Amino acid sequence: MEFAKRLKNLGIENSFNVLGRVMKLREQGKDIISFCIGEPDFNTPENIKKAAIDALNKNMTHYGPSGGLPVFKKAIASHISKTRDINVSEENICVSAGAKAIIYYAIHAVLNPGDEAIFPNPGYPIYESIINFVGGKAVPLPLLESKSFSFDTDTLRRLVTKKTKLIIINTPQNPTGGFLSREDLQVVADISVKNNIWILADEIYSRILYEGEFNSILSIPGMLERTILVNGFSKAYAMTGWRLGFAVTNKDLARELIRLENNCVACTTTFNQFAGIEALNGPQNSVDEMVAEYKERRNLIVKLLNDINGISCLSPKGAFYAFPNVTKACKSLGLKDSEEFQDYLLFNHGVAVLARTSFGKKNENESEEYIRLSYATSKDNIVEGLKRIKKAVEK
Ligand code: PLP
């Protein structure tokens, strides 16, 4: 039996594969410190869990409208209006089962086969996967260590052609921890207006920022019409398993996203949406506490990484990933690239990290090697894991 040809174009989020390898090794009795999965190690705050339990007890267990319950969409619209300094209503919102689903819907809604879409590289691998899946041409936009993992604005301008229909941005960024300045966002907005290009702005890490103020492209006048903002509850509220995300966009596109949702999962779990309302409207101290803890872990992991000969690491501004340069370490160990380094650390030293290539192929002329470590894990794990990496590299 044959599968549809389009499946050949579909990629995968490699962190789940590495996680599978980690689990297998642990089953064999190996002691592995894992920095590979991008999810908070905290539990969902009690007030949010209670809201879902109350909703269950009130039998909020039935189908709801595609695109979200009006009361939840209202809460999201009010939150976004306040935090992005714009005015949106529930008609601008589409709720879905995670931000990932919104990325899938959004790319399907705006790209035709043959259209070009510019995506951040290194970046969250699902962008490129879905662009290819719909028959689009995925055009990588290099993120540069020399620019604190932002991009060169002239390069972005050069990548735009008559066929460009979509530019994807992600700030704060997975896997680099980089963050886009107001000036960078203004350049993207100007390019979008001049060339009539959609912007997919993935802001899933907007609450996890350690310095400065979060900038959203949606705050730039006129950008609501041409932007699909993607956000969700997984990272900020430690709700990865709940599967709760949303889009904010113009009303016409919101209707199309809802039509896609209607054809796919019909609606997002009804009682979860009450948890989402509590997350947005309830006390925010648990988010603040989690971010303060991530900040301490960031400082610790960056210091320990920079203490290793052959590794250098910029201090990430947001999210919970460190993206150290391991070029010299690879050379001194005689390893070809970050993938060999990843395997060497996992199989010989019991530490799981992700190679740069889990986040897209290397850019043209990219000669450096990088790995990603998620520091959404305890300080004890960070200390022990980095001790192992130091020993592995400086042996
Ligand atoms: N966008 C980025 C940049 C991510 O890193 C992730 C998860 O790792 C997602 C979206 C997906 O989030 P969700 O759990 O809401 O589907």
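In helix H5 (residues 126–133), the buried positions are Ile 126, Tyr 127, Glu 128, Ser 129, Ile 130, Ile 131 and Phe 133, where buried denotes under 20% relative accessible area, exposed over 50%, and partly exposed the range in between (1.4 Å probe, protein chains only). Because seven of the eight residues of H5 are buried, the helix is largely enclosed by the rest of the structure. Helices (H or I, at least four residues) and strands (E, at least two) are DSSP runs, numbered from the N terminus. The structure is a predicted model, in which local features need pLDDT of at least 70 and side-chain atom pairs count only at pLDDT 80 or more, whereas totals for chains, interfaces and linings use all residues. Residues are numbered from 1 along each chain as its sequence is written, and side-chain values use heavy atoms, with hydrogens and water left out.

The buried residues of H5 pack against helix H4 (99–110) and against four strands, E3 (116–121), E4 (137–142), E5 (164–170) and E6, contact being defined as heavy atoms within 4.5 Å. After H5 comes Gly 135, which has a positive phi near 85°.

Strand E6 (198–202) also borders the loop that holds Ser 216, which runs to strand E7 (227–232). Ser 216 has a relative accessibility of 6% and therefore counts as buried. With neighbours within four places in sequence left aside, Ser 216 is in contact with Arg 84, Leu 185, Glu 203 and Leu 229. Towards Glu 203, a side-chain to side-chain polar contact of 2.7 Å is found; such a contact is a pair of N or O atoms within 3.5 Å, of which, within protein, one must be able to donate a hydrogen and the other to accept it, and residues adjacent in sequence count only if both atoms are side-chain atoms.

Aromatic pairing was examined next. A pair of aromatic rings is described by the distance of the centres and the angle of the planes. Over the whole structure, 13 aromatic pairs are found; rings of Phe, Tyr and Trp (its six-membered ring) pair if their centres lie within 6.5 Å, with planes under 30 degrees apart counted as stacked, over 60 as edge-to-face and the rest as tilted. The pair of Tyr 294 and Phe 320 is tilted, because the ring centres are 5.2 Å apart and the planes stand at 55°. This pair links distant parts of the chain, 26 residues apart, with Tyr 294 in helix H10 (residues 285–306) and Phe 320 in the loop between H10 and strand E9 (321–322). Both Tyr 294 and Phe 320 are buried. By contrast in geometry, Phe 323 and Tyr 370 form a stacked pair, since their ring centres are 5.0 Å apart and their planes lie at 10°. Here the separation is 47 residues: Phe 323 belongs to the loop between E9 and helix H11 (327–333), and Tyr 370 to the loop between strand E11 (354–355) and strand E12 (371–374). Phe 323 and Tyr 370 are likewise buried. Ring pairs further join Tyr 294 and Phe 320 with Phe 42, Tyr 205 and Tyr 321 in a cluster.

Charged side chains were then considered. The structure contains 24 salt bridges, each being a side-chain nitrogen of Lys or Arg within 4 Å of a carboxyl oxygen of Asp or Glu. One of them joins Lys 379 to Glu 296, with the closest N and O atoms 2.5 Å apart. The two residues lie 83 residues apart, Lys 379 in helix H13 and Glu 296 in helix H10. Lys 379 is partly exposed at 28% relative accessibility, as is Glu 296 at 44%. Leaving aside neighbours within four places in sequence, the contacts of Lys 379 are Glu 293, Glu 296, Arg 297 and Leu 300. A network of salt bridges links Lys 379 with Asp 41, Glu 293, Glu 296 and Arg 297.

A further salt bridge, between Glu 90 and Lys 74, has an N to O distance of 3.6 Å. Glu 90 is placed in the loop between helix H3 (70–84) and strand E2 (93–96), and Lys 74 in helix H3, 16 residues apart. Glu 90 is partly exposed at 24%, whereas Lys 74 is exposed at 52%. Asp 307 and Lys 303 likewise meet in a salt bridge of 3.1 Å, N to O; Asp 307 is partly exposed at 38%, and Lys 303 is exposed at 51%.
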